[in-house]
Amino acid sequence: MNALVSLVGAGPGDPELLTVRALKRLQAADVVLADDLIDPRVLSLVKGRLLRVGKRGGCISTDQHFI
């Protein structure tokens, strides 16, 4: 089985400022691991499974081994 992993930066957070490639990768992904700082409007573009794996001080966070 082959897999493609992409690291997509959300820039300043406005979904209209994403690159075309970033948008295509988000929409084509089977699974997206997302940080807590990503704007919800960007996350709404994800068509596959969205897993929020961000870490916040003093909060319960996703285990690093899972990420």
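## Overall organisation

Among contacts between residues at least 6 apart in sequence, 17% join residues at least 24 apart in this protein. The model described here is predicted. The chain has 67 residues, and 21% of them count as buried.

The protein contains two helices and two strands. Read from the N terminus, these elements follow the order α-β-α-β. Taken along the principal axes, the C-alpha atoms fill a box of roughly 35 × 35 × 15 Å.

## The nonpolar core

The largest nonpolar core is made up of six residues, namely L18, A22, L26, V32, V42 and V46. In soluble globular proteins, nonpolar side chains tend to be buried together.

One member of this core, V32, can be followed through its contacts. When neighbours within four places in sequence are set aside, V32 touches L26, V46, R49, L50 and L51. Of these partners, L26 and V46 also belong to the largest nonpolar core.

## The largest pocket

The largest pocket has a volume of about 730 Å³. Two or more residues of its lining are supplied by each of α1, β1 (31-34) and α2 (40-43). The largest share, four residues, comes from β1.

In total, 23 residues line this pocket, and those nearest its centre are S6, A29, V31, V32 and L33. Sorted by class, the lining holds 18 nonpolar, two polar and three charged residues. V32 therefore has two roles in this description: it is listed in the largest nonpolar core, a set of buried residues, and it is also among the residues nearest the centre of the largest pocket.

## Residue S6

S6 lies in the segment before α1 (20-28). S6 has a relative accessible area of 31% and is partly exposed, because this value falls between the limits of 20% for buried and 50% for exposed residues.

The side chain of S6 makes a polar contact of 2.7 Å with the side chain of R25. S6 and V32 are 26 residues apart along the chain, and their C-alpha atoms are separated by 9.4 Å. Both S6 and V32 are among the lining residues that lie nearest the centre of the largest pocket.

Methods. Residues numbered from 1 in each chain as written. Predicted model: local features only at pLDDT ≥ 70, side-chain atom pairs only at ≥ 80, totals over all residues. Heavy atoms only, no water. Core = buried A, V, L, I, M, F, W, Y, C linked by side-chain atoms within 4.5 Å. Buried < 20%, exposed > 50% of the residue type's maximum accessible area, 1.4 Å probe, protein only. Contact = heavy atoms within 4.5 Å. Polar contact = N/O pair within 3.5 Å; in protein donor to acceptor, adjacent residues only side chain to side chain. 1 Å grid on protein atoms, 1.4 Å probe; cavity = no way out; pocket = protein on both sides within 12 Å on 5 of 7 lines; lining within 4 Å. Points joined across faces, edges and corners; volume = space filled by probe spheres on them. Nonpolar A, V, L, I, M, F, W, Y, C, P; charged D, E, K, R; others polar.
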